2 protein chains.
Amino acid sequence: MTLWQQARRSARLNPSIIREILKLTDQPGVLSMAGGLPSAETFPVQAIREACDRVLTDAPRLALQYSASEGFGPLREWVAARLGAMGLKIDVGQVLITSGSQQGLDLVGKVMVDTGAPVAVETPTYLGALQAFNPFEPIYASLAGDDDGPLPEAIAALPHDAPGTRFAYLLPNFQNPSGRVMTEARRSALVAAAQVARVPLVEDNPYGDLWFEEEPPAPLAARWPEGTVYLGSFSKVLAPGFRLGYIVAPTDLCPKLLQAKQAADLHTPGFNQRVVFEVIRNGFLDQHVPTIRARYREQRDAMAAALTRHMPVGTEWQVPKGGMFFWLRLPEGCDAMGLLPVAVAAGVAYVPGAAFYAHAPDARTLRLSYVTLSPAEIADGVALLGGVLREHLDATAEVTP
Amino acid sequence: MTLWQQARRSARLNPSIIREILKLTDQPGVLSMAGGLPSAETFPVQAIREACDRVLTDAPRLALQYSASEGFGPLREWVAARLGAMGLKIDVGQVLITSGSQQGLDLVGKVMVDTGAPVAVETPTYLGALQAFNPFEPIYASLAGDDDGPLPEAIAALPHDAPGTRFAYLLPNFQNPSGRVMTEARRSALVAAAQVARVPLVEDNPYGDLWFEEEPPAPLAARWPEGTVYLGSFSKVLAPGFRLGYIVAPTDLCPKLLQAKQAADLHTPGFNQRVVFEVIRNGFLDQHVPTIRARYREQRDAMAAALTRHMPVGTEWQVPKGGMFFWLRLPEGCDAMGLLPVAVAAGVAYVPGAAFYAHAPDARTLRLSYVTLSPAEIADGVALLGGVLREHLDATAEVTP
C-alpha cells in the first residue's frame, strides 16, 4: 500500500497543457503568440509605486495585518459602483474579493459542484475554468453555439430535473479562447432560456473592458441577478501580478462562498487590495483602460491584416471585437497539436485549440494572442505560421492527390 | 426545487466561530485577548517600503505579470536554505509557495482527503485546519495527548488498513490553541509510531520561530522527509497581510499539489513574493525575529504573572515556551462559551476552547492571546477575567452548596 493515498479527485488534477506548451515555446528566437499574458508595457508602474507609498504611509499596520475575508470595504464599494454603471445593481455585501478570478472559479466549484453533477460549458471554453471545476468531478455538458455565443436551445436541452445542471459557465465578452462576444439578442435569449430551464449562470468577465469598437451589451447578471454569479478581475485592466478579482453572488449564496474563501486562504492580501484601491479610486481606469484598448486594437489590426495575407485558403477566423485572441480553424488535414513542433522549429508558437474543449476537441483549431508581440513581430509570426501551414498542405496534397 | 443547488460538501462549510466571536468582542472598551493577530508594532514597515521601491525599480514588469505557479525561484531557494539550517534537507523543487499556509491546508485537503477518509488531528487542534479540511468531508480521529504532545500510542491505534488514515495533522511548536511544544523524545516517538503505522504526517509550523527560552527541536519532517508534508508561513515573522506561506512535500506529491495550486488561484502574487524576498534576502529575519521574541516574551511574562495572581483556584494552565497563546482550563462549573457574554460585558474577551476540538469539546477551556495587548492591559484584562470567574463560582457555590 502506498504511503500517501490521494483523494479520488486528485486524478482529475492535471498539468496545465498551456503551461506545458509555454515551456516548449518560450525559447529565444520563437515569436510566441501562445501565452495569454497582458502586455507588461501597459502596467502603470508609477501609479502603483505612488499607491504603495501612500498605503505604507497612511495605513501600514492595517494593510499588513490579517483582514476581513470579504475583502477591503472601499474596494468592494468601488466594485459595486462599477457594476452599477454597467447596469448590475448590487449591494456591497454581495461582493467578495478573491485571489484572482481563478479563485472565484474554485470557490464556485467547491460550493456548487458534487461528483457527477452536470455543469454546462461553452464549446470551446476557458481552460482554467475546466481545471478549477475538474477536482469537484462534474460531468460537463458542452453547449453548441455559433458566432454569437451558445445557442439558447442548448440551454433549454440541459438536464434540469434533480439533481439538475448546477450552472452554465458563460463568458459573454471576447471569450478566451474564441474571442467571440455575445450579441444583445443572444444574451436576452440565453437568459430567457436559462430562466425557463432553471439553470443558473456563472458569468466570467475578465475581458469586457477591452472592447475596440463599442462597449459590449450589459452583463447577463444585470438581466437575471438572482440567477447569476458574476466574476470580475483586475488582471487585464491593471496587472495580473496582484492576483485580484471578485465574485458577485446572489445574497443567498454569499455566506457559503465567504466560508469557502475563509477555508481556502483566510483572505486576499490586504496590502494588494489597498494598493489597487489607491490606484483606481479617483477614476484612474477611465484614463488608463483606453490606452490598453488602443494598443491592443492596433495589434489586433496587425494580426487581422497578416492573417488575411498569409493564411492558406480554407482557414477560418472572425476578427475579434475586443479581448486578446484570434481563434483559427485550419483547413482540413491540419492538426494544430501535431503541427506545433514544426511551427516552433520554424520560429513561431500558438496554443492548439484542443485543450479548450470539455468534449470532442476540434483538432483543427488554435488560439493566437496578439497582445504580447509588436505589430511588426505579429506580421512576421503570422507569415511564418502561414508558411508552415502551406508547406504542410502542399506535402499532404502531394501524397494524397 | 431551489435554483442554486449546492454541493453536499457545502454543508460542511460554516462561519468561523472565531470571526463571529471577534465581531462580538471587538468593541471599544473591551480588552480583547481573543484574536490571534500578530502585533502590528512588529511589522517592519520601513524595510517593506524600501523593498517595494526596489522591486518596482528593478523588475516591475515581471513582478506585476502572471508568474510561475511554483512560486518565485529565489524565494523558494531561500525557503530551502532556511529549512536546511533546521535540519530538513530538501530540493528547491519540493517548495511550493502558497497564499498563506491556510492555502497549504486547503491544497493538502484537496489532494489527499476523500469523503469519509480518516484524518487524525490533535486534541485540541487549529480551528483553521478543521475549516480547510471539512469541505473534503473527512472523518476525524482525535489524538489523545498530554503536555508534551499527542501520544505515540494514539498514532499506533489509528486505522491504517485500506483506505487508512490519510495523514495526522500535527503542530509541534507552540501549538494554536494549546501553546504546547513537543519534546525531542515525543517527536522521535511519534515519528517512529507513524512509520510503523504507515500514517503520513502533515506538519504545520507557523510559530516555530517564536521561541522564548530555547529553539524547539528539529521538525518532524527532518526525521521522516518522505512521510511528512511541511507547512510554513511568513505571517508570524514578517506580516500576515502579504498572505505568504509555503508547502514542502515529498517529491512524489509535488506535481499534484502544484496542479491543485494552479486550479485554485494560478499562483501567489508575484509582487508580494518579490517584496518579501527583498526584505529577507540579506538575513533581515536574523535581526528582526529576536525583537518579536523579546516583545512576546515580555507579554507572556505579564500574562503568566497576572494569571497566577488573578485566576481562581482550580484553574489550570501551562506557561507557553513560545508562540502567542495561553490555554486555560477553568474550574469545574465554568462554561467558557456561556461566560463569554458576561466577560465581554465586564470588558474582557477570549476565545472559548470548544471550537478547537474535532470531537467532544472541553467546555471549560479557553484561549488567551498575549500578543495584542500591552503588559499593563494584559494585567488589567486578566484581572477582569479573574473577577468574572470568581463571581460566577461564588454565585454557583451559593445555589449548589
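I began with strand E9 of chain B and checked its two faces. Thr228(B), Tyr230(B) and Gly232(B) on one side are buried, and so are Val229(B), Leu231(B) and Ser233(B) on the other. Both faces of E9(B) are therefore covered, and with 6 of its 6 residues (228-233) buried, the strand is largely enclosed by the rest of the structure. I keep in mind that this is a predicted model.

Next I looked up the partners of E9(B). Strand E8 (residues 201-204) of chain B pairs with E9(B) in the parallel sense, over 4 bridges. I picked out one pair there: Glu203(B) has Tyr230(B) as its bridge partner. Strand E10 (residues 245-248) of chain B also joins E9(B) by 4 bridges, but these two run antiparallel. Here Leu231(B) is bridged to Ile247(B). Tyr230(B) and Leu231(B) are both among the buried residues noted above.

Then I turned to chain A and traced a sheet. I found 7 strands in an open sheet, ordered E2-E10-E9-E8-E7-E3-E4, with mixed pairing. The edges are E2 (95-98) and E4 (139-143) of chain A, each paired on one side only. On average, neighbouring strands of this sheet are turned by 20° against each other, direction ignored.

I followed the E4 edge inward. Strand E3 (residues 118-122) of chain A runs parallel to E4(A), and 5 bridges join them. Ala120(A) has its bridge partner in E4(A), namely Ala141(A).

Last, I checked the E2 edge. Which helix lies across E2 and E10 of chain A? I found helix H10 (residues 254-265) of chain A there, running at about 20° to E2(A).

Technical notes:
Residues numbered from 1 in each chain as written. Chains lettered and ligands numbered in written order. Predicted model: local features only at pLDDT ≥ 70, side-chain atom pairs only at ≥ 80, totals over all residues. Buried ≥ 20, exposed ≤ 12 C-beta atoms within 10 Å, placed from the backbone. Pairing = 2+ DSSP bridges. Axes fitted to C-alpha atoms, helices over the stretch in contact; angles between N-to-C directions. Contact = placed C-beta atoms within 7 Å.
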